[in-house]
Amino acid sequence: MQMSQAARELFEARFDKSSLSSFNEALKSGVDLEPPKLSHGSRRFHRLALFSGRRRLFFFLSTLAQIVVKRAFATEPNLFSLLQNYTRSFPGIRARISRGSASGPITAAMSTMCSGCGRRMPHVLTVAGSDSGAGAGIQADIKACGALGAYCSSVVTAVTAQNTVGVQGVHPIPEEFVEEQLRSVLEDMGVDVVKTGMLPSVGVVKVLCQSLKKFPVRALVVDPVMVSTSGDVLAESSTLSGYRDELFAMADIVTPNVKEASALLGGVPLRTVADMYSAAKSIHNLGPKNVLVKGGDLPESSDAIDIFFDGKKYHELLGLRVKTHNTHGTGCTLASCIAAELAKGLPMLRAVQNAKTFVQNALDYSKDIIIGNGPQGPLDHLFSLETHSCNAGARSFNASDLFLYAVTDSTMNRKWNRSIVAAVKASIEGGATIIQLREKEAETCEFVEAATACIQICRSSGVPLLINDRIDVALACDADGVHVGQSDMPARIARKILGPGKIIGVSCKTPAQAEQAWADGADYIGCGGVFPTATKQNNTTVGLDGLKSVCLASKLPVVAIGGIGVVNARSVMEIGVPNLKGVAVVSALFDRECILTEARKLRSVLTDSVSEFLLR
Ligand SMILES: Cc1ncc(COP(=O)(O)OP(=O)(O)O)c(N)n1
Ligand SMILES: Cc1nc(C(=O)O)sc1CCOP(=O)(O)O
C-alpha cells in the first residue's frame, strides 16, 4: 500500500486519541492507509487483564480483537462510520468513535458495550434547500424534527430567496460543497435517518447516493420536491431521472403529492383516489420500499386522503382538511416528521400516521396566524410549546400510559368483598398502566384515606393515579391528576386549580368536545361509550364510528371506554387511528373474581392487537 510520509508518522505512532482523529483526517483526504497499529491500546488492555485474575482469557481475547480489528481496517476504510451506524441501531449502546473522542479501536469497541454512558438523541439529517421565509425547506425540517424530539442536522443544497408571495431567487450550492457537507455530518455525527427535500440537480442526487453508500444510515425518506407551493420550479427536470434511476432504489419511503407523483410518472393525470392507488403502485415499482401519495391537492376532496403502499398492502389514511391559507411547507414538515419518528425507532406505518397527526395539529393551530402578505403563509411548528406553555415544568404526561386504563368501582369492590387498595394492587400486577379511582359512593374522608394508600402503591410501581371528578380529593392525596366529565368541573378551571404539574382527562363524545378539551389544557380525552355498558346508567353509546370520528378530530391522545373487555378490545384498537392509545375498563377487571388474571388477559389482547396492526 502506498502511504505518504506524514501519514506513516501518524499511524506508526501510538494509536491514541490524537492519532484516531488524524486517522479520520487522513481518511477524509483520501490518503491510502495501512491498518493502524494497536500497541498502546492492547498494552492497556493487557494491564487490565492482570488485575482481573483472568489473564489468559483476556490475553487471548485482546490478541483476537487485534487481528479482527486489523483485518477490518485493512478491508474496510469506512469502518468508523460503519461501526457508528451499526451500533446506533441498538438503544443503550453507544459508540463514541467520532473524531477525537476515543483512544483507540479497542477502547472504542469497549465503549460500544457501555450502556448508559450518555444519552443519544434520535438524529435526522435533512438534505434540502434553505427557505429564507422559514416556512419550508431546511428551516421547516429543523423545527419539525425539534418539535418531535429529534436532533436535526442540515446539508444545504441551495439557498432560495423566498417569502409568502413566492420564490424570488435560487442559488444552488456547488455539488462538491454539498458532498463536503454530507461527509462532515455523516462521518461524525451519528445520523439515524436522512430526509431529502430540494435536490436542485441530478449531480446533487448522484453525490447524495454516493455519500449514502459510503456512510449508510438506518432509513432514507425522500420528499421529491420539484415545484414550490407558489408554482416556482425548484429542481431541473433531469433530477427526475436521478430519482428514478438511483435514489428511489435506496429510499425507505417516497412522499410525492399528486403533482409530483404525476411528474415522476411522465405526466399521467391524477384526479381521483383510484388514480392515487395506481400511482402509488407505479412509483413503488421504481424501487422505494414504501410510497405515500399525498392527496391534499386533489380537487374536490373534503378529507385529506393519503394513500400509503408498502408493496403488499394499501392503507387509506384519512385526515380532516383544515381550512387555512397557511399551508406553505406542509410537505417538508410531513416528510421530516416521518424521518423523526423513524429515528425514534417507530415502524414505518406508525411513523407516517404520527407525522400526519402532527401536521394536522400544526395546520389547525396555525390556521389564523398572520405572517407575511402573500397567499400562502407558514405553519407554527412549535405550537406545542405555546399550547402547553401553561404546563411548563409539568410532570410530562406519557400518552402510552393510557394503554390499559383501570377505573375502579366501589360497588363492585363491595360485591367481591375487596378493598380499593387490594383492587388497585391486583390490577397493577396484572399490567394496568394507569389507575383512576372512581368511587361514587365513598365518604370524603374514607376516599382520601384510600386514595392516599393507593398513591403509595402506584408511585412505587411508576403507574399514575387519577381521581374521578373530585379535585379536592386529588389535591388532598397529591394524586397525579383527575378525570372530569362534561358536567363536572370544566377542565380549564381544573387546570387553574391543579396547576401545570397534574394530568387532566376529559370525557368526550363529540369532536367539538374534544376540541374544547384541548383548548382547556387537558392532557387526554376518554371517549365512549364505545359499546353499551351496565356500569354507567343512561350512557349514550357512540360506537366504533363515533370513537373514530372523535379520534380524528382530537389533538389529544384518546382512551376508549364503555363495555370494553377481552372479547372486543381488539376491535377497538383495530380502528387504526394513531392517537387512540388504549382502553379504559371497569367491569372487565373489577366485576371479576380474579382481577390479576383478567388484567393479564386484557393486556395480552391489547399487546397482540397493536403489534399485529403495526406489522400490517
Ligand atoms: C377514562 C375515562 N373516560 C371517561 C370517563 C367517564 O367520566 P365521566 O363522564 O365523568 O363519568 P363518570 O365517570 O363520572 O360516571 C371516565 N371516568 N374515565
Ligand atoms: C365510567 C364510564 N364512562 C363512560 C363514558 O362513556 O364516558 S362508560 C363508563 C363505564 C365503563 O364501564 P365498563 O368498562 O364496565 O363498561
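These are my notebook entries on two ligand shells, one strand and one helix residue in a predicted model.

**Ligand 1.** I started with the surroundings of ligand 1 and listed 18 residues around it. Gly485, Ser507, Gly526, Ile561 and Ala584 come nearest. Sorted by class, I got six nonpolar, eight polar and four charged residues. Then I asked which strands supply at least two residues of this shell. I found β10 (404-407), β13 (481-484), β14 (503-508) and β16 (558-561).

**Ligand 2.** Next I looked up ligand 2, which has 17 residues around it. The closest are Gly528, Thr533, Thr535, Val586 and Ser587. Here the classes came out as six nonpolar, 10 polar and one charged.

**Strand β10.** Since β10 turned up in the shell around ligand 1, I went back to look at its side chains and partners. Leu404 and Ala406 point one way, Tyr405 and Val407 point the other way, and all of them are buried. Which strands does β10 pair with? One is β17 (residues 580-585), parallel to β10 and joined by three bridges; there, Leu404 sits opposite Val583. Another is β11 (residues 434-437), also parallel and also with three bridges; on that side Ala406 faces Ile435.

**Ser461.** Last, I picked Ser461, which belongs to helix α18 (residues 444-461). Is Ser461 buried, exposed or partly exposed? I call it partly exposed because it has 15 C-beta neighbours inside 10 Å, while buried needs 20 or more and exposed means 12 or fewer. I also checked Ser461 against Glu429: they are 32 residues apart along the chain, and their C-alpha atoms are separated by 9.1 Å.

Conventions. Residues numbered from 1 in each chain as written. Chains lettered and ligands numbered in written order. Predicted model: local features only at pLDDT ≥ 70, side-chain atom pairs only at ≥ 80, totals over all residues. Near = placed C-beta within 6 Å. Nonpolar A, V, L, I, M, F, W, Y, C, P; charged D, E, K, R; others polar. Helix = DSSP H or I, 4+ residues; strand = E, 2+ residues; numbered from the N terminus. Pairing = 2+ DSSP bridges.
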